[in-house]
Amino acid sequence: MFSIHHTLPDVGSRLCSLAGIAQLDKQTNASLIPAHDRTHPCHHFSGKLNAIMHHKISTTNNMLITRRLEFDAGHRIPNHNSQCKHLHGHRYAIEITLSGEIIDNEGQSAQGMVMDFSDVKRIAQEKLVNVWDHAFLVYRGDKQVCDFLATMPDHKTVIFDVVPTAENLALVAFNILNPAYQDNYGNHLRLEQIRLFETPNNWADCVRD
Ligand SMILES: [Zn+2]
């Protein structure tokens with residue numbers, strides 16, 4: 001059986017919450033507030049074009065960027081008292097939110113970005129999405145299903161130390177991807193949040209403390 005075991009280090013240092021939505025929205029809005037204020041030189045220009053041309057990004061250039069990827073996987077919640085105890089699958093989506101300053105290195109490919117979205121995607125695919133896509137995500141304690149999957153040659157199975165709910169998948173994803181996003185430009189790049197959609201209407205956020 002092809003299987004991958006995910007351990008769950010550092011569980012206590014992450015806030016995994018369905019209530020994190022308002023927090024992210026608040027952060028996002030704050031980051032998108034124009035950097036200038038009433039004292040900024042932009043306001044001394046009468047024309048809108050002049051204001052745009054002469055606008056300089058000041059010290060408040062911290063940003064949040066988010067990349068979304070989707071994958072298919074099977075799971076079950078073995079002790080659930082309703083439908084989720086049955087073997088079934090989802091079209092999952094994962095949204096990776098990074099924070100950092102805008103890179104201003106002249107001539108760099110990533111100039112003007114926090115991180116190239118294609119790099120955000122590439123790293124997430126290598127470390128996580130390609131591993132979980134079209135796999136069965138199973139709890140180690142779900143012995144019945146683990147034993148069954150082990151009888152299937154070359155079956156793509158990912159074994160978790162925790163029940164594969166949206167909350168736990170978000171938490172495991174955060175711990176896998178957190179060390180994967182490196183600050184290569186000195187712009188304080190870091191992973192801030194993983195949002196894991198089990199369905200379009202149900203998701204969990206794992207937010208950096
Ligand atoms: Zn499910």
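User: How many residues does the protein chain have, and what percentage of them count as buried?

Analyst: The protein chain has 209 residues, and 27% of these count as buried. Keep in mind that this is a predicted model.

User: What does "buried" rest on for a single residue, say arginine 76?

Analyst: The general idea is a count of neighbours: a residue is buried if 20 or more other C-beta atoms lie within 10 Å of its own. Arginine 76 has 22 C-beta neighbours inside 10 Å, so it counts as buried.

User: Where is arginine 76 found?

Analyst: Arginine 76 is in the loop between strand E3 (62-75) and strand E4 (88-101).

User: Which residues is arginine 76 in contact with, leaving aside its neighbours within four places in sequence?

Analyst: Those contacts are Cys84, Lys85, His86, Leu87, His88 and Val145. Take the last of these as an example of distance in sequence against distance in space. Valine 145 is 69 residues from arginine 76 in sequence, while their C-alpha atoms are 9.2 Å apart. For the protein chain, contacts between residues at least 6 apart in sequence can be sorted by separation, and 64% of them join residues at least 24 apart.

User: How many helices and strands does the secondary structure come to?

Analyst: There are 5 helices and 8 strands in the protein chain. Along the sequence, their pattern reads β-β-α-α-β-β-α-β-α-β-α-β-β.

User: How do strands E7 and E8 run where bridges join them?

Analyst: To read a strand pair, look at the bridges and the direction. Strand E7 (residues 190-199) and E8 run antiparallel, joined by 6 bridges. Phenylalanine 197 has tryptophan 203, in E8, as its bridge partner. The link from E7 to E8 is a hairpin through 2 residues.

User: Why is strand E8 described as largely enclosed by the rest of the structure?

Analyst: Again, count buried residues. Strand E8 covers residues 202-208, and 5 of its 7 residues are buried, so the rest of the structure largely encloses it.

User: Where is the kink in helix H3 centred?

Analyst: A kink is read as an angle and a central residue. In helix H3 (residues 117-132) the kink is about 60 degrees and is centred on glutamine 125.

User: Which residues of H3 are buried, and what covers them?

Analyst: Val120, Ala124, Leu128 and Trp132 are buried in H3. Their cover includes E3, E4, strand E5 (135-139), strand E6 (156-160) and helix H5 (166-177).

User: What is the phi of histidine 134, which follows H3?

Analyst: Histidine 134 has a positive phi, near 55 degrees.

Terms used: Residues are numbered from 1 along each chain as its sequence is written. This is a predicted model: local features need pLDDT of at least 70, side-chain atom pairs count only at pLDDT 80 or more; totals for chains, interfaces and linings use all residues. Helices (H or I, at least four residues) and strands (E, at least two) are DSSP runs, numbered from the N terminus. A residue is buried if 20 or more other C-beta atoms lie within 10 Å of its own, exposed if 12 or fewer, and partly exposed in between; C-beta atoms are placed from the backbone. Two residues are in contact if their C-beta atoms, placed from the backbone, lie within 7 Å. Two strands pair if DSSP finds at least two bridges between them. The bend at a residue is the angle between axes fitted to the seven residues ending there and the seven starting there.
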